[in-house]
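Student: Can you walk me through this one? I'd like the fold first, then how the chains meet.

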Amino acid sequence: MDGTAGANTLTVDSAAGELATPPPQSLWRRVLASGGVSYLFILPAVAIYVAVILAPILMGAGYAFTDWDGLRQIVNYNGLANFRRMIGDQQVRSAISTTLIIAFSLVVVKVVLGLVLALVVNSNVKSRNWLRLVFFMPVVLTPIIVSYMWKYIFSNNGTLNTLLKMVGLEPLRWLGDPTLALISVIIVTSWQSVGLSMVIFLAGLQAVPPELEEAATIDGANPLQRIWHVTLPLLAPAMTVCVVIALIQGLRFFDQIYALTRGGPGYATETLSTMIYRISFQFGEFSYGAAVAMVFSLIVGVIVLPVMQVLRRREIAHG
Amino acid sequence: MAKGRYTAGTFAVEVAATVAAICFIFPVYLLVTIALKERSTWSRNPMSPPFNPYFGNFKQAWHEAYLGDALISSIVVVTLSLVILVTVGAFAAYFLARCKPRLGYTLYVFFLLAMVLPFQLGLLPLYQMMRDLGLLGTPFSLVIFYCGYQLPFTVFLYTGYIRALPRAYDEAAKIDGATDMQTFLHVIFPMIRPVTGTVIILNCVFVWNDFMTPLLYLQGSRWATVPVAVAAFVDQEITDWGIVFAALVIGIAPVMALFAVLQRHMMEGFAGGLKA
């Protein structure tokens with residue numbers, strides 16, 4: 001009896017409270033108010049993200065200023081010693097330039113070839129659907145497995161050298177020569193990822209209104225002029241996506257080098273990714289690896305962000 | 001592009017493109033044909049078609065590389081990761097798409113941090129965490145890693161899509177007395193099915209193909225995923241390319257099969273999904 005009566009009063013009270021000035025608890029409500037959905041919806045995502053991504057990265061960044069090897073219990077703060085060591089480290093310098101060479105080559109190859117392929121498979125050639133499939137397929141294949149396949153093709157008695165001999169040329173040491181090894185790695189990665197640029201450009205091309213191109217043709221533009229002055233400017237958003245993806249991919253390169261060269265010959269194809277892996281997990285110099293990773297991320301940021309800015313501005317100018 | 005008549009120029013482009021495509025696909029042909037030949041055959045005639053297909057390589061690779069176990073391990077890792085990513089990602093995106101703009105922007109930048117920060121920095125602390133929790137050498141360590149690593153991207157894909165859905169749907173459900181959870185499960189989730197498809201395809205390909213993380217977490221354990229098992233096998237068996245290629249063919253067969261079934265969806269998913 002009493003309980004029911006109490007509940008009734010409570011209901012009446014709170015109803016009255018809501019009609020009049022907001023009750024005290026609504027201050028909390030206002031602070032916590034999300035404007036819609038309950039916070040419980042975002043909680044799991046934030047928890048996983050902090051535990052798996054953010055916290056380990058911050059811890060790793062902290063270790064860059066210590067002498068920790070990844071195993072010992074004792075961790076000594078040693079300031080900028082790791083960074084000072086890096087300045088004199090010839091291998092780090094060579095890894096940075098190799099990474100940059102690979103990244104920029106990939107951008108150029110993927111944008112140019114991707115665009116050409118997209119224009120071809122978007123024209124009225126009869127085989128366009130088949131061509132799309134063929135050029136895109138390598139994108140979904142496992143990079144490490146594809147790289148082992150190419151290792152055979154590049155090997156001394158492999159397919160490429162057999163073909164060279166057939167046309168009467170000298171066989172080459174594709175993976176044994178420093179310059180050729182770098183080129184081989186770029187070939188494999190381009191083969192695997194040019195299809196991705198193709199479909200991104202293709203989606204961009206399909207969004208170009210046909211009236212614009214017809215108008216250009218009526219005004220007397222030849223096909224090349226039409227592509228250069230009408231189609232390309234309209235592809236600016238697709239261009240941004242392609243360049244940024246190619247850059248990030250080029251800067252974070254690992255599987256292909258693991259399978260094809262292991263960073264060799266010497267350190268000719270050692271990139272920052274493979275180097276960080278080697279220093280941290282094989283040499284056990286984790287704190288030094290962390291310092292290299294920090295400098296690496298700085299380089300990525302310094303390159304990717306301005307590139308994005310420039311490309312975005314072009315989008316707006318034409319948009 | 002304006003589709004004009006089929007001219008002589010178009011024909012020339014067609015021929016050139018077909019030749020390029022044949023050269024482009026040639027390595028895959030080579031992979032299959034060498035896998036189907038005995039050592040004596042492929043060393044003399046690597047490029048000819050396999051007139052008398054030999055399946056011994058596949059049998060040997062399957063047993064020696066423990067590919068049966070590896071396939072099960074990969075399937076377990078991919079399935080668990082996808083279930084968690086879709087659930088957690090879609091929930092979070094529903095919140096982000098419907099919360100106050102300023103809070104939404106703050107959280108957006110918060111999740112974006114992951115794409116700028118170098119994940120290599122976190123690899124060893126995370127490795128230690130897994131070791132302390134006793135998860136190293138089990139598929140759960142990988143599932144946890146992928147759920148964290150692929151989450152921001154999944155959330156962005158979903159958020160963009162849910163933002164475009166009119167709020168009138170949620171409001172109608174709320175007026176009818178539905179809770180947030182009911183609204184999400186019965187109204188929102190069915191409407192975002194297309195983007196769920198994209199999320200599944202992109203994450204599935206990424207998780208299946210990843211090599212560096214399982215190399216760290218699972219090397220030498222009986223839970224090695226397909227890429228790790230194949231790489232470990234190839235590195236010791238590098239002398240007979242027939243057997244190596246058989247292992248490689250088995251290793252890419254599942255993704256190839258997926259691609260054969262979902263070709264159009266995959267191309268659209270990759271073209272549209274990576275813009276997020």
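**Chain A, then the contact and the core**

Tutor: This is a predicted model. Among contacts in chain A between residues at least 6 apart in sequence, 71% join residues at least 24 apart.

Student: What about helices and strands in chain A: how many of each?

Tutor: Chain A has 15 helices and zero strands.

Student: And how much of chain A is buried?

Tutor: Buried residues account for 39% of its 319 residues.

Student: Switching to the contact. How many residues does each chain put in?

Tutor: Chain B gives 73 residues and chain A gives 71 residues.

Student: Which helix of chain B supplies the largest share of the side touching chain A?

Tutor: Helix 14 of chain B, residues 241-273, with 13 residues.

Student: What's the chemistry on that side of chain B: how many nonpolar, polar and charged?

Tutor: The side of chain B that touches chain A has 56 nonpolar residues, eleven polar and six charged.

Student: Now the largest nonpolar core. Which residues touch the most other members?

Tutor: B:Y94, B:A247 and B:L248 do, in a core of 177 residues. Helix 14 of chain B gives the most to this core, 16 residues.

Student: Where does the core sit relative to the domains of chain B?

Tutor: It lies between domain 1 (8-54) and domain 2 (60-273) of chain B, because both give residues to it.

Student: Back to B:L248. What does it touch, leaving out residues up to four places away in sequence?

Tutor: In chain A, B:L248 touches A:I145, A:Y148 and A:M149. In chain B, B:L248 touches B:L31 and B:V230.

Definitions and conventions
Residues numbered from 1 in each chain as written. Chains lettered and ligands numbered in written order. Predicted model: local features only at pLDDT ≥ 70, side-chain atom pairs only at ≥ 80, totals over all residues. Contact = placed C-beta atoms within 7 Å. Helix = DSSP H or I, 4+ residues; strand = E, 2+ residues; numbered from the N terminus. Nonpolar A, V, L, I, M, F, W, Y, C, P; charged D, E, K, R; others polar. Core = buried A, V, L, I, M, F, W, Y, C linked by C-beta atoms within 7 Å. Buried ≥ 20, exposed ≤ 12 C-beta atoms within 10 Å, placed from the backbone. Domains from an automatic or database assignment.
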